[in-house]
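Welcome aboard! Please load the model in your viewer and get ready to pick out some side chains.

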Amino acid sequence: MTQGQRIIAIIVAAGTGVRAGGAVPKQYARIGGRPMIAYSHAAFAAHPSIAETIVVVAERQQAMAIDALGRDVTIVVGGATRRESVANGVVAAGGATHVLIHDAARPFLPAAVIDSLVAALKTRDAAIPVLPVTDTLARGNGLLGDVVPRADLNRVQTPQAFAVEALRAAHAVWPGDEEATDDAQMVRRLGVGVALVQGSAMLEKVTHPEDFAAAEARVAYETRTAMGFDVHRLETGEELWLGGVLIPHDKGLSGHSDADVALHALTDALLGTIAAGDIGTHFPPSDPQWKGADSAQFLQHAAKLIADKNGRIDFVDLTIMCEAPKIGPHRASMTARIADLLGLTLDRVSVKATTTERLGFTGRGEGIAAQAVATIRLPGSPR
(Lines give C-alpha, C1' and ligand atoms only; values in the text may rest on other atoms or scores of the structure.)
Protein backbone atom coordinates (compact mmCIF):
# COMPACT_ATOMS: atom_id res chain seq x y z
CA MET A 1 0.00 0.00 0.00
CA THR A 2 1.26 3.48 -0.84
CA GLN A 3 2.54 5.21 2.27
CA GLY A 4 0.05 7.74 3.65
CA GLN A 5 -2.77 6.40 1.51
CA ARG A 6 -5.54 4.01 2.42
CA ILE A 7 -7.18 2.98 -0.83
CA ILE A 8 -10.48 1.12 -0.74
CA ALA A 9 -12.11 -0.41 -3.82
CA ILE A 10 -15.87 -0.18 -4.22
CA ILE A 11 -17.53 -2.58 -6.68
CA VAL A 12 -20.95 -1.33 -7.74
CA ALA A 13 -23.14 -4.41 -8.19
CA ALA A 14 -26.61 -3.13 -7.34
CA GLY A 15 -28.12 -3.35 -10.83
CA THR A 16 -30.73 -5.80 -12.01
CA GLY A 17 -28.93 -6.61 -15.27
CA VAL A 18 -32.19 -6.86 -17.23
CA ARG A 19 -30.54 -6.26 -20.61
CA ALA A 20 -28.40 -9.34 -20.15
CA GLY A 21 -31.40 -11.63 -19.61
CA GLY A 22 -30.87 -14.80 -17.60
CA ALA A 23 -32.27 -16.13 -14.37
CA VAL A 24 -30.02 -14.05 -12.09
CA PRO A 25 -28.67 -10.49 -12.24
CA LYS A 26 -25.76 -10.46 -14.67
CA GLN A 27 -23.15 -9.70 -12.00
CA TYR A 28 -23.83 -13.16 -10.54
CA ALA A 29 -24.04 -14.99 -13.87
CA ARG A 30 -21.19 -17.44 -14.39
CA ILE A 31 -18.29 -16.88 -16.76
CA GLY A 32 -15.77 -19.67 -16.95
CA GLY A 33 -17.49 -21.38 -14.04
CA ARG A 34 -17.20 -18.36 -11.71
CA PRO A 35 -19.71 -15.59 -10.94
CA MET A 36 -18.82 -12.52 -12.98
CA ILE A 37 -18.34 -10.36 -9.89
CA ALA A 38 -15.76 -12.78 -8.48
CA TYR A 39 -13.17 -11.80 -11.09
CA SER A 40 -12.87 -8.11 -10.26
CA HIS A 41 -13.22 -8.79 -6.54
CA ALA A 42 -10.28 -11.21 -6.75
CA ALA A 43 -8.24 -8.66 -8.73
CA PHE A 44 -8.68 -6.03 -6.02
CA ALA A 45 -8.08 -8.53 -3.22
CA ALA A 46 -4.77 -9.59 -4.77
CA HIS A 47 -3.45 -6.06 -5.33
CA PRO A 48 -1.06 -4.80 -2.63
CA SER A 49 -2.29 -1.18 -2.89
CA ILE A 50 -5.92 -2.03 -2.08
CA ALA A 51 -6.62 -2.13 1.64
CA GLU A 52 -10.21 -3.39 1.40
CA THR A 53 -12.91 -4.12 -1.13
CA ILE A 54 -16.55 -3.15 -0.57
CA VAL A 55 -19.34 -4.62 -2.69
CA VAL A 56 -22.52 -2.57 -3.11
CA VAL A 57 -25.53 -4.77 -3.84
CA ALA A 58 -29.25 -4.31 -4.33
CA GLU A 59 -31.71 -4.99 -1.55
CA ARG A 60 -32.24 -8.74 -1.07
CA GLN A 61 -29.10 -9.62 -3.07
CA GLN A 62 -26.86 -10.06 -0.04
CA ALA A 63 -27.19 -13.84 -0.11
CA MET A 64 -26.20 -13.99 -3.78
CA ALA A 65 -23.12 -11.89 -3.05
CA ILE A 66 -22.10 -14.19 -0.20
CA ASP A 67 -22.60 -17.26 -2.41
CA ALA A 68 -20.43 -15.66 -5.09
CA LEU A 69 -17.67 -14.24 -2.89
CA GLY A 70 -17.78 -15.97 0.48
CA ARG A 71 -18.77 -14.83 3.94
CA ASP A 72 -15.75 -12.60 4.48
CA VAL A 73 -16.94 -10.10 1.86
CA THR A 74 -17.87 -6.57 2.96
CA ILE A 75 -21.39 -5.87 1.67
CA VAL A 76 -23.28 -2.56 1.52
CA VAL A 77 -26.86 -2.17 0.28
CA GLY A 78 -27.12 0.32 -2.58
CA GLY A 79 -29.76 2.83 -3.56
CA ALA A 80 -32.28 3.34 -6.35
CA THR A 81 -29.66 4.80 -8.72
CA ARG A 82 -26.01 4.16 -9.43
CA ARG A 83 -25.12 7.53 -7.89
CA GLU A 84 -26.89 6.60 -4.65
CA SER A 85 -25.21 3.21 -4.60
CA VAL A 86 -21.77 4.78 -4.98
CA ALA A 87 -22.59 7.27 -2.23
CA ASN A 88 -23.53 4.42 0.12
CA GLY A 89 -20.28 2.68 -0.69
CA VAL A 90 -18.25 5.82 -0.01
CA VAL A 91 -19.96 6.25 3.36
CA ALA A 92 -18.95 2.68 4.23
CA ALA A 93 -15.35 3.39 3.22
CA GLY A 94 -14.66 5.25 6.45
CA GLY A 95 -10.98 5.93 7.02
CA ALA A 96 -10.14 5.72 3.31
CA THR A 97 -8.09 8.50 1.76
CA HIS A 98 -8.87 7.34 -1.77
CA VAL A 99 -11.40 5.04 -3.44
CA LEU A 100 -11.57 3.15 -6.70
CA ILE A 101 -15.12 2.87 -8.05
CA HIS A 102 -15.62 -0.11 -10.34
CA ASP A 103 -18.55 -1.58 -12.26
CA ALA A 104 -19.17 -5.28 -11.59
CA ALA A 105 -20.02 -5.66 -15.30
CA ARG A 106 -16.32 -5.22 -16.17
CA PRO A 107 -14.99 -8.49 -14.74
CA PHE A 108 -11.48 -8.72 -16.15
CA LEU A 109 -9.44 -6.09 -14.32
CA PRO A 110 -5.70 -6.03 -15.10
CA ALA A 111 -3.36 -5.21 -12.23
CA ALA A 112 -1.57 -2.77 -14.58
CA VAL A 113 -4.66 -0.55 -14.70
CA ILE A 114 -4.83 -0.45 -10.89
CA ASP A 115 -1.11 0.36 -10.83
CA SER A 116 -1.61 3.31 -13.19
CA LEU A 117 -4.54 4.70 -11.19
CA VAL A 118 -2.70 4.41 -7.89
CA ALA A 119 0.31 6.18 -9.39
CA ALA A 120 -1.90 9.00 -10.70
CA LEU A 121 -3.44 9.51 -7.27
CA LYS A 122 -0.06 10.57 -5.93
CA THR A 123 -0.39 13.88 -7.78
CA ARG A 124 -4.08 14.09 -8.74
CA ASP A 125 -7.43 13.92 -6.95
CA ALA A 126 -9.05 11.93 -9.76
CA ALA A 127 -7.99 9.54 -12.51
CA ILE A 128 -9.80 7.28 -14.94
CA PRO A 129 -8.73 4.62 -17.46
CA VAL A 130 -9.55 5.34 -21.10
CA LEU A 131 -9.02 3.85 -24.54
CA PRO A 132 -8.79 5.98 -27.68
CA VAL A 133 -11.67 5.72 -30.15
CA THR A 134 -10.40 3.87 -33.23
CA ASP A 135 -13.61 3.46 -35.24
CA THR A 136 -14.93 6.11 -37.60
CA LEU A 137 -17.75 8.02 -35.91
CA ALA A 138 -20.63 9.52 -37.86
CA ARG A 139 -23.95 11.12 -37.13
CA GLY A 140 -27.08 9.75 -38.72
CA ASN A 141 -30.52 8.31 -38.15
CA GLY A 142 -31.25 5.90 -40.97
CA LEU A 143 -28.96 7.78 -43.33
CA LEU A 144 -25.27 8.54 -42.92
CA GLY A 145 -24.56 12.03 -41.68
CA ASP A 146 -21.42 14.00 -40.98
CA VAL A 147 -18.32 12.26 -39.72
CA VAL A 148 -17.37 13.24 -36.20
CA PRO A 149 -13.63 13.91 -35.75
CA ARG A 150 -12.27 11.29 -33.38
CA ALA A 151 -9.11 13.12 -32.35
CA ASP A 152 -9.00 13.42 -28.55
CA LEU A 153 -12.08 11.17 -28.18
CA ASN A 154 -11.78 8.44 -25.56
CA ARG A 155 -13.80 5.51 -24.31
CA VAL A 156 -14.19 5.83 -20.55
CA GLN A 157 -13.79 2.74 -18.39
CA THR A 158 -13.72 1.81 -14.72
CA PRO A 159 -12.32 1.60 -12.09
CA GLN A 160 -12.28 5.34 -11.54
CA ALA A 161 -10.02 6.65 -8.80
CA PHE A 162 -10.68 9.59 -6.50
CA ALA A 163 -9.54 11.33 -3.37
CA VAL A 164 -12.39 10.64 -0.98
CA GLU A 165 -12.96 14.27 -0.06
CA ALA A 166 -13.26 15.32 -3.71
CA LEU A 167 -15.77 12.58 -4.44
CA ARG A 168 -17.83 13.31 -1.33
CA ALA A 169 -17.94 17.00 -2.22
CA ALA A 170 -19.09 16.18 -5.75
CA HIS A 171 -21.91 13.99 -4.47
CA ALA A 172 -22.97 16.61 -1.94
CA VAL A 173 -23.65 19.29 -4.58
CA TRP A 174 -24.89 17.12 -7.46
CA PRO A 175 -28.53 17.95 -8.38
CA GLY A 176 -30.90 15.29 -7.10
CA ASP A 177 -32.94 15.22 -10.30
CA GLU A 178 -29.95 14.69 -12.60
CA GLU A 179 -28.48 11.23 -13.03
CA ALA A 180 -24.74 10.84 -13.51
CA THR A 181 -23.42 8.09 -15.76
CA ASP A 182 -20.13 8.03 -13.87
CA ASP A 183 -18.36 9.73 -11.00
CA ALA A 184 -15.68 11.40 -13.10
CA GLN A 185 -18.15 13.88 -14.61
CA MET A 186 -19.35 14.72 -11.10
CA VAL A 187 -15.92 15.69 -9.74
CA ARG A 188 -15.04 17.42 -13.00
CA ARG A 189 -18.05 19.74 -12.54
CA LEU A 190 -16.40 20.86 -9.31
CA GLY A 191 -13.33 21.90 -11.28
CA VAL A 192 -11.24 18.88 -10.26
CA GLY A 193 -8.80 17.83 -12.96
CA VAL A 194 -9.29 14.20 -13.94
CA ALA A 195 -6.14 12.47 -15.14
CA LEU A 196 -6.36 9.97 -17.99
CA VAL A 197 -4.44 6.71 -17.75
CA GLN A 198 -4.13 3.84 -20.18
CA GLY A 199 -7.17 1.56 -20.08
CA SER A 200 -7.41 -2.00 -21.31
CA ALA A 201 -9.38 -3.98 -23.86
CA MET A 202 -9.85 -6.51 -21.07
CA LEU A 203 -12.22 -4.05 -19.39
CA GLU A 204 -14.99 -4.46 -21.96
CA LYS A 205 -18.38 -4.19 -20.30
CA VAL A 206 -20.68 -7.22 -20.24
CA THR A 207 -24.16 -5.89 -20.96
CA HIS A 208 -26.01 -7.99 -23.53
CA PRO A 209 -26.42 -11.79 -23.81
CA GLU A 210 -23.91 -11.97 -26.67
CA ASP A 211 -21.30 -10.28 -24.48
CA PHE A 212 -21.17 -13.35 -22.26
CA ALA A 213 -19.83 -15.47 -25.13
CA ALA A 214 -17.04 -12.95 -25.69
CA ALA A 215 -16.27 -12.88 -21.97
CA GLU A 216 -16.25 -16.68 -21.81
CA ALA A 217 -13.70 -16.72 -24.63
CA ARG A 218 -11.39 -14.54 -22.54
CA VAL A 219 -11.11 -17.10 -19.78
CA ALA A 220 -8.06 -19.31 -20.08
CA TYR A 221 -8.78 -22.92 -19.17
CA GLU A 222 -6.28 -25.43 -17.92
CA THR A 223 -6.97 -28.96 -19.13
CA ARG A 224 -6.05 -31.78 -16.78
CA THR A 225 -6.14 -35.54 -17.30
CA ALA A 226 -5.61 -38.22 -14.66
CA MET A 227 -5.90 -41.99 -14.39
CA GLY A 228 -7.46 -44.25 -11.78
CA PHE A 229 -7.01 -47.98 -11.27
CA ASP A 230 -8.64 -50.43 -8.88
CA VAL A 231 -8.90 -54.18 -8.27
CA HIS A 232 -11.32 -56.25 -6.16
CA ARG A 233 -11.61 -59.96 -5.48
CA LEU A 234 -14.60 -62.00 -6.67
CA GLU A 235 -16.24 -64.03 -3.90
CA THR A 236 -19.31 -66.20 -3.58
CA GLY A 237 -22.20 -64.65 -1.66
CA GLU A 238 -21.46 -61.04 -2.64
CA GLU A 239 -23.50 -58.77 -4.94
CA LEU A 240 -21.78 -57.65 -8.10
CA TRP A 241 -21.92 -53.89 -8.60
CA LEU A 242 -20.16 -52.50 -11.65
CA GLY A 243 -20.45 -48.96 -12.97
CA GLY A 244 -23.26 -48.24 -10.54
CA VAL A 245 -25.34 -51.15 -11.88
CA LEU A 246 -26.27 -54.37 -10.06
CA ILE A 247 -25.31 -57.25 -12.38
CA PRO A 248 -26.63 -60.81 -11.97
CA HIS A 249 -23.67 -63.15 -11.44
CA ASP A 250 -22.75 -66.13 -9.31
CA LYS A 251 -20.08 -64.10 -7.53
CA GLY A 252 -19.68 -60.53 -6.39
CA LEU A 253 -16.84 -58.19 -5.54
CA SER A 254 -15.52 -58.00 -2.01
CA GLY A 255 -13.83 -55.02 -0.46
CA HIS A 256 -14.29 -51.35 0.30
CA SER A 257 -17.98 -50.26 0.38
CA ASP A 258 -19.98 -52.11 -2.27
CA ALA A 259 -16.63 -52.81 -4.00
CA ASP A 260 -17.74 -51.24 -7.29
CA VAL A 261 -14.32 -51.41 -8.92
CA ALA A 262 -15.44 -49.32 -11.89
CA LEU A 263 -16.74 -46.38 -9.85
CA HIS A 264 -13.68 -46.60 -7.59
CA ALA A 265 -11.35 -46.26 -10.57
CA LEU A 266 -13.40 -43.33 -11.90
CA THR A 267 -13.35 -41.66 -8.48
CA ASP A 268 -9.57 -41.93 -8.29
CA ALA A 269 -9.21 -40.53 -11.80
CA LEU A 270 -11.33 -37.50 -10.93
CA LEU A 271 -9.52 -36.94 -7.65
CA GLY A 272 -6.25 -37.13 -9.52
CA THR A 273 -7.18 -34.25 -11.83
CA ILE A 274 -7.17 -31.87 -8.85
CA ALA A 275 -4.37 -33.61 -6.94
CA ALA A 276 -6.78 -34.49 -4.13
CA GLY A 277 -5.35 -37.86 -3.16
CA ASP A 278 -7.19 -41.12 -3.70
CA ILE A 279 -10.44 -42.69 -2.63
CA GLY A 280 -8.89 -44.09 0.54
CA THR A 281 -7.85 -40.59 1.60
CA HIS A 282 -11.48 -39.41 1.62
CA PHE A 283 -13.20 -42.68 2.54
CA PRO A 284 -10.80 -44.86 4.55
CA PRO A 285 -11.63 -48.57 4.26
CA SER A 286 -10.84 -48.89 7.98
CA ASP A 287 -13.79 -46.63 8.81
CA PRO A 288 -16.85 -48.87 9.49
CA GLN A 289 -19.29 -46.25 8.22
CA TRP A 290 -18.23 -47.05 4.64
CA LYS A 291 -18.80 -50.82 4.90
CA GLY A 292 -21.27 -51.72 2.16
CA ALA A 293 -21.73 -48.06 1.16
CA ASP A 294 -22.95 -47.10 -2.29
CA SER A 295 -19.88 -46.11 -4.31
CA ALA A 296 -21.96 -43.57 -6.20
CA GLN A 297 -21.48 -41.17 -3.28
CA PHE A 298 -17.69 -41.44 -3.66
CA LEU A 299 -17.90 -40.54 -7.33
CA GLN A 300 -20.20 -37.61 -6.66
CA HIS A 301 -17.91 -36.40 -3.87
CA ALA A 302 -15.00 -36.24 -6.32
CA ALA A 303 -17.20 -34.42 -8.84
CA LYS A 304 -18.21 -31.88 -6.20
CA LEU A 305 -14.59 -31.17 -5.31
CA ILE A 306 -13.99 -30.33 -8.96
CA ALA A 307 -17.12 -28.16 -9.10
CA ASP A 308 -15.98 -26.33 -5.96
CA LYS A 309 -12.92 -25.26 -7.95
CA ASN A 310 -15.23 -24.10 -10.75
CA GLY A 311 -13.97 -26.97 -12.85
CA ARG A 312 -15.83 -28.88 -15.54
CA ILE A 313 -15.66 -32.58 -16.27
CA ASP A 314 -15.24 -32.95 -20.00
CA PHE A 315 -14.94 -36.69 -20.52
CA VAL A 316 -14.47 -39.96 -18.65
CA ASP A 317 -13.27 -43.24 -20.10
CA LEU A 318 -13.61 -46.55 -18.26
CA THR A 319 -12.14 -49.94 -19.13
CA ILE A 320 -13.31 -53.00 -17.16
CA MET A 321 -11.04 -56.06 -17.24
CA CYS A 322 -12.61 -59.46 -16.58
CA GLU A 323 -13.42 -62.82 -18.13
CA ALA A 324 -16.95 -62.87 -16.71
CA PRO A 325 -19.55 -61.55 -16.61
CA LYS A 326 -19.88 -60.18 -20.12
CA ILE A 327 -20.00 -56.39 -19.92
CA GLY A 328 -21.60 -55.78 -23.31
CA PRO A 329 -25.22 -56.39 -22.24
CA HIS A 330 -24.80 -53.90 -19.37
CA ARG A 331 -22.69 -51.22 -21.07
CA ALA A 332 -25.61 -48.92 -21.89
CA SER A 333 -26.94 -49.07 -18.32
CA MET A 334 -23.50 -48.31 -16.90
CA THR A 335 -22.99 -45.41 -19.29
CA ALA A 336 -26.35 -43.92 -18.37
CA ARG A 337 -25.75 -44.33 -14.64
CA ILE A 338 -22.29 -42.73 -14.71
CA ALA A 339 -23.54 -39.90 -16.90
CA ASP A 340 -26.37 -39.27 -14.46
CA LEU A 341 -24.05 -39.27 -11.44
CA LEU A 342 -21.63 -36.82 -13.06
CA GLY A 343 -24.18 -34.64 -14.84
CA LEU A 344 -22.72 -35.48 -18.25
CA THR A 345 -24.29 -36.27 -21.59
CA LEU A 346 -23.97 -39.87 -22.76
CA ASP A 347 -21.42 -38.96 -25.43
CA ARG A 348 -19.03 -37.81 -22.70
CA VAL A 349 -18.92 -41.21 -20.99
CA SER A 350 -17.07 -44.15 -22.50
CA VAL A 351 -17.44 -47.64 -21.03
CA LYS A 352 -15.35 -50.45 -22.52
CA ALA A 353 -14.41 -53.98 -21.54
CA THR A 354 -11.56 -56.34 -22.26
CA THR A 355 -10.16 -59.66 -21.10
CA THR A 356 -6.59 -60.61 -20.26
CA GLU A 357 -6.73 -63.67 -22.51
CA ARG A 358 -7.17 -65.90 -19.43
CA LEU A 359 -3.87 -64.65 -18.02
CA GLY A 360 -3.41 -63.46 -14.46
CA PHE A 361 -5.96 -63.18 -11.66
CA THR A 362 -8.62 -61.69 -13.93
CA GLY A 363 -8.07 -64.46 -16.47
CA ARG A 364 -8.54 -67.06 -13.74
CA GLY A 365 -11.78 -65.40 -12.65
CA GLU A 366 -10.40 -64.44 -9.26
CA GLY A 367 -11.21 -60.74 -9.51
CA ILE A 368 -12.08 -57.76 -11.67
CA ALA A 369 -9.90 -54.76 -12.45
CA ALA A 370 -10.83 -51.37 -13.85
CA GLN A 371 -8.88 -48.50 -15.30
CA ALA A 372 -10.33 -45.01 -15.79
CA VAL A 373 -9.16 -41.79 -17.37
CA ALA A 374 -10.82 -38.43 -16.67
CA THR A 375 -10.34 -35.10 -18.40
CA ILE A 376 -11.46 -31.85 -16.81
CA ARG A 377 -11.04 -28.11 -17.32
CA LEU A 378 -10.20 -25.62 -14.59
CA PRO A 379 -10.59 -21.89 -15.20
CA GLY A 380 -7.36 -19.94 -14.99
CA SER A 381 -6.59 -16.25 -15.43
CA PRO A 382 -8.41 -14.12 -18.02
CA ARG A 383 -6.40 -13.65 -21.19
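Why does Phe283 count as buried? Select Phe283 to begin: its relative accessibility is 7%, which is under the 20% cut-off, so Phe283 counts as buried. Keep in mind that this model is predicted.

**Around Phe283**

Next, add Trp290 to your selection. Trp290 is buried too, because its relative accessible area of 14% also falls under 20%. Now look at how the rings of Phe283 and Trp290 meet: they form an edge-to-face aromatic pair, with 4.8 Å centre to centre and 85 degrees between the planes. Then show Phe298 as well, and you have one aromatic cluster made of Phe283, Trp290 and Phe298.

**On to Tyr39**

Please move to Tyr39 and Phe108. A search of the whole structure finds four aromatic pairs, and Tyr39 with Phe108 is one of them. This pair is edge-to-face, at 5.1 Å centre to centre and 85 degrees between the planes. Colour by secondary structure here: Tyr39 belongs to helix H1 (residues 36-46), while Phe108 lies in the loop between strand S6 (98-103) and helix H4 (111-120). The two residues are 69 residues apart, so to see distant parts of the chain linked, follow the backbone from one to the other. Both Tyr39 and Phe108 are buried.

Stay with Tyr39 and switch on Arg34. Arg34 lies over the face of Tyr39, 4.5 Å from the ring centre.

**Last stop**

Finally, select Tyr221 together with Arg377. Over the ring of Tyr221 you will find the charged end of Arg377, 4.8 Å from the ring's centre.

Methods: Residues numbered from 1 in each chain as written. Predicted model: local features only at pLDDT ≥ 70, side-chain atom pairs only at ≥ 80, totals over all residues. Heavy atoms only, no water. Phe/Tyr/Trp six-rings, centres within 6.5 Å; stacked < 30°, edge-to-face > 60°. Helix = DSSP H or I, 4+ residues; strand = E, 2+ residues; numbered from the N terminus. Buried < 20%, exposed > 50% of the residue type's maximum accessible area, 1.4 Å probe, protein only. Lys NZ or Arg CZ within 6 Å of the ring centre and 35° of its normal.
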